[in-house]
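User: I've got a model open and would like to talk through how it is put together. Can you take my questions one at a time?

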Amino acid sequence: VRGSNNYTLLNEITTNPIIVLSHSTQLKPVVQSKPSVQEVIPCSGPSSGSTRVVVLGNNFADSPTIRVKFDTIEVMPIFYGPKTLICHTPNHSPGTVTVRVCNDAKRWSDSVGTFTYTCLLYTSDAADDLLC
């Protein structure tokens, strides 16, 4: 009967209420320190590139935007932790270049490592040839 409070309680049911929130309202911007570079191992390789190098430093982020820059050439590293990246050198003319890291394609590390590109020396029976 409508408006009547004459009900009999048959069972009591309790639930854990679920609160649905938009994920975007819960996201907070993460303020990260700029990455820093301490060392590049090995510190030299051929100007043809493809040398596997380890970049050691701090504040590296596991992000799809992380990059390592050899002089002006950017490469995508493999993230091995907040202090370790591994990548391959791009080809470059012989000489020493700076190595920087960025987590977000905007803020490059202030500290740098160096990498020296060298000429390849081929030895044959006829003569030694430099390939640069």
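User: Which residues of β9 are on its covered face?
Analyst: Keep in mind that this is a predicted model. In a regular strand, side chains alternate between the two faces of the sheet. In β9, Thr-114, Thr-116 and Thr-118 sit on the uncovered face. That leaves the covered face to Gly-113, Phe-115 and Tyr-117.

User: What is the strand order in the open sheet of five strands?
Analyst: The pairing in this sheet is mixed, and the twist averages 30° from one strand to the next. Its edge strands are β2 (44-46) and β5 (73-75), each of which pairs on one side only. Reading across, the order is β2-β9-β8-β4-β5.

User: Do β8 and β9 run parallel or antiparallel, and what is the bridge partner of Gly-95?
Analyst: Strand β8 covers residues 95-102 and β9 covers residues 113-118, with five bridges joining them. The two run antiparallel. Within β9, the bridge partner of Gly-95 is Tyr-117.

User: In which sense do β2 and β9 pair, and which residue of β9 is opposite Pro-46?
Analyst: Three bridges link β2 and β9, and the sense here is parallel. Pro-46 has its opposite number in β9, namely Thr-118.

User: How many residues are in the largest nonpolar core, and which strand supplies the largest share?
Analyst: In soluble globular proteins, nonpolar side chains tend to be buried together. Here the largest nonpolar core has 16 residues, and those with the most contacts inside it include Val-55, Leu-85 and Phe-115. β1, β3 (52-58), β4 (67-70), β7 (84-88), β8 and β9 each put in at least two residues. The largest share, three residues, comes from β8.

User: Which residues of β9's covered face does Phe-70 contact?
Analyst: Phe-70 is among the residues with the most contacts inside the largest core. Leaving aside neighbours within four places in sequence, its contacts include Val-53, Val-75, Cys-87 and Val-99. The covered face of β9 holds Gly-113, Phe-115 and Tyr-117, and the contacts of Phe-70 include Phe-115 and Tyr-117.

User: How many salt bridges are there in the whole structure, and how far apart in sequence are the parts that Asp-110 and Lys-34 tie together?
Analyst: A search of the whole structure turns up two salt bridges. In one of them, the side chains of Asp-110 and Lys-34 meet at 3.1 Å, N to O. Asp-110 is in the loop between β8 and β9, while Lys-34 is in the loop between α1 (23-26) and β1 (36-41), so the pair ties together parts that are 76 residues apart in sequence.

User: Is Asp-110 buried or exposed, and what about Lys-34?
Analyst: The cut-off for exposed is over 50% relative accessible area. Asp-110 has 61% relative accessibility, so Asp-110 counts as exposed. Lys-34 comes in at 32%, which means that Lys-34 is partly exposed.

User: Which residue does Arg-107 form a salt bridge with?
Analyst: Arg-107 is partly exposed at 36% relative accessibility. Its partner is also partly exposed, at 29%. The closest N and O atoms are 3.6 Å apart, and the partner is Asp-104.

User: How many helices and strands does the chain have, and what share of contacts between residues at least 6 apart join residues at least 24 apart?
Analyst: The secondary structure comes to one helix and 11 strands. Along the sequence, the pattern is α-β-β-β-β-β-β-β-β-β-β-β. For contacts between residues at least 6 apart in sequence, the share joining residues at least 24 apart is 55%.

Conventions:
Residues numbered from 1 in each chain as written. Predicted model: local features only at pLDDT ≥ 70, side-chain atom pairs only at ≥ 80, totals over all residues. Heavy atoms only, no water. Pairing = 2+ DSSP bridges. Helix = DSSP H or I, 4+ residues; strand = E, 2+ residues; numbered from the N terminus. Axes fitted to C-alpha atoms, helices over the stretch in contact; angles between N-to-C directions. Buried < 20%, exposed > 50% of the residue type's maximum accessible area, 1.4 Å probe, protein only. Salt bridge = Lys/Arg side-chain N within 4 Å of Asp/Glu carboxyl O. Core = buried A, V, L, I, M, F, W, Y, C linked by side-chain atoms within 4.5 Å. Contact = heavy atoms within 4.5 Å.
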